[in-house]
Amino acid sequence: SLMKGGTHTQSPSGVWCLLCCTHHVEGPTPLDGEAGAKGNKGNYGFPGLKGQKGAKGDTCDNGTKGDKGDRGDPGEPGAGGEQGDKGEKGDTGEKGFDRVWYNERRDYDPATGKFNCSVPGAYVFSYHVTVRGRPARLSLVASSRRVAKARDTLYGQDIDQASFLTILKLKVGDQVWLEVGKDWNGLYAGAEDDSVFTGFLLYPDGFEVLL
């Protein structure tokens, strides 16, 4: 015999058999648990593979011109140039003094600016000149020999003056004059400034014997 819902039964052959049965019963719906704490940051991954070269982009329009940049630092000095050829010597000329104060023996010629010796002896010569506007280069010449030279490098409207005095022994026919450079002729005379050239006989030859 079989027992429904029991725990044992007897088969027709008289052998007892244990039967077990299970009934399925649904339990209550489980509740969601609370979120866990945030995990630690993971390690960096390995670099990815290099991508393929992209296609050439479209040509863009020209932009506006930028502002002027700052001035650069000075460059290194250039190499020195070669020295040029020496220039030719400039001409010189006699300086004439056309206003004569005293010339009794007519030994001074205003047309040439030269003194001509007619009496041998010792002479005193001097000049006092005014320089203005440009440089002046002066030479006192006796018998074609420069016995004294002077230079005044003056520029602009400034005024300067130069003086000189000497004693020369002359013989008949010797000439004495004041020579100026062609490009250095800054001698000046005006209402308040003069340029003067003076010469006179100190004593004739033979006079020193009488002394």
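Where in the chain is the place of Ser143? Ser143 sits in the loop between E7 and E8, and the backbone there is one of the points taken up below. The model is predicted. The protein chain has 12 strands and 1 helix, and its 211 residues include 22% that are buried.

**Overall layout**

- Read from the N terminus, the elements of the protein chain follow the order β-β-β-β-β-β-β-β-β-β-β-β-α.
- Among contacts in the protein chain with a separation of 6 or more, 69% are between residues 24 or more positions apart.
- The exposed area of the protein chain is about 18,100 Å², and carbon and sulfur atoms supply 51% of that area.

**The largest nonpolar core**

- The largest nonpolar core contains 23 residues, of which Phe125, Leu170, Val176 and Phe197 touch the most other members.
- Two or more residues of this core come from each of strand E6 (121–133), strand E7 (136–142), strand E9 (156–170) and strand E10 (175–181).
- E6 gives the largest share of the core, 5 residues.
- Nonpolar side chains tend to be buried together in soluble globular proteins.
- Setting aside residues up to four places away in sequence, Val176 touches Gly113, Lys114, Phe115, Phe125, Leu140, Val141, Ala142, Leu168, Leu170 and Phe197.
- Three of these contacts, Phe125, Leu170 and Phe197, are also named with Val176 as residues that touch the most other core members.

**Strand E6 and its partners**

- E6 is mostly covered, with 10 of its 13 residues buried.
- E6 and strand E12 (residues 196–204) run antiparallel and are joined by 8 bridges.
- Within this pairing, Tyr127 stands opposite Phe197 in E12.
- E6 also runs antiparallel to strand E11 (residues 187–188), with 2 bridges between them.
- Thr130 has Tyr188 in E11 as its bridge partner.

**Salt bridges**

- The structure holds 5 salt bridges, including the three described here.
- Opposite charges on side chains can pair when the charged atoms come close.
- Glu179 and Arg146 meet through their side chains in a salt bridge, at 2.7 Å from N to O.
- This pair links distant parts of the chain, since Glu179 is in strand E10 and Arg146 is in strand E8 (residues 145–152), 33 residues apart.
- Glu179 counts as buried because its relative accessible area is 9%, under the 20% cut-off.
- Arg146, at 38%, is partly exposed.
- Asp174 forms a salt bridge with Lys171, and their closest N and O atoms are 3.3 Å apart.
- Asp174 is buried, with a relative accessible area of 10%, whereas Lys171 is exposed, with 53%.
- Arg105 and Asp107 form a salt bridge through their side chains, at 3.9 Å from N to O.
- Arg105 has 57% relative accessibility and so counts as exposed, while Asp107 is buried, with a relative accessible area of 11%.

**Loops and backbone**

- Most residues other than glycine have a negative phi.
- Ser143 is not a glycine, yet its phi is positive, at about 55 degrees.
- The loop between E7 and E8 is the place of Ser143, and Ser143 is partly exposed at 40% relative accessibility.
- Arg106, another residue other than glycine, has a positive phi near 60 degrees.
- Arg106 lies in the loop between strand E3 (92–94) and strand E4 (108–109).
- Its relative accessible area is 66%, so Arg106 is exposed.
- Val119 is in the loop between strand E5 (114–116) and E6, and counts as partly exposed at 23% relative accessibility.
- Apart from neighbours within four places in sequence, Val119 is in contact with Arg105, Val172, Leu201 and Pro204.
- Val119 and Asp205 are 86 residues apart along the chain, and their C-alpha atoms are separated by 8.2 Å.

**Surface**

- Ile167, Phe200 and Leu202 make a nonpolar surface patch of about 290 Å².
- Ile167 of this patch is in strand E9, an element that also gives two or more residues to the largest nonpolar core.

Note on methods
Residues are numbered from 1 along each chain as its sequence is written. This is a predicted model: local features need pLDDT of at least 70, side-chain atom pairs count only at pLDDT 80 or more; totals for chains, interfaces and linings use all residues. Side-chain values use heavy atoms; hydrogens and water are left out. A nonpolar core is a set of buried Ala, Val, Leu, Ile, Met, Phe, Trp, Tyr and Cys residues joined through side-chain atoms within 4.5 Å. Buried means under 20% relative accessible area, exposed over 50%, partly exposed in between (1.4 Å probe, protein chains only). Helices (H or I, at least four residues) and strands (E, at least two) are DSSP runs, numbered from the N terminus. Contact means heavy atoms within 4.5 Å. Patches are made of residues with over 30% relative accessible area and no salt bridge: like charges are joined within 9 Å, nonpolar side chains (Val, Leu, Ile, Met, Phe, Trp, Tyr) within 5 Å. Accessible areas come from the Shrake-Rupley method with a 1.4 Å probe; for residues, only the protein chains shown count as cover. A salt bridge is a side-chain nitrogen of Lys or Arg within 4 Å of a carboxyl oxygen of Asp or Glu. Two strands pair if DSSP finds at least two bridges between them.
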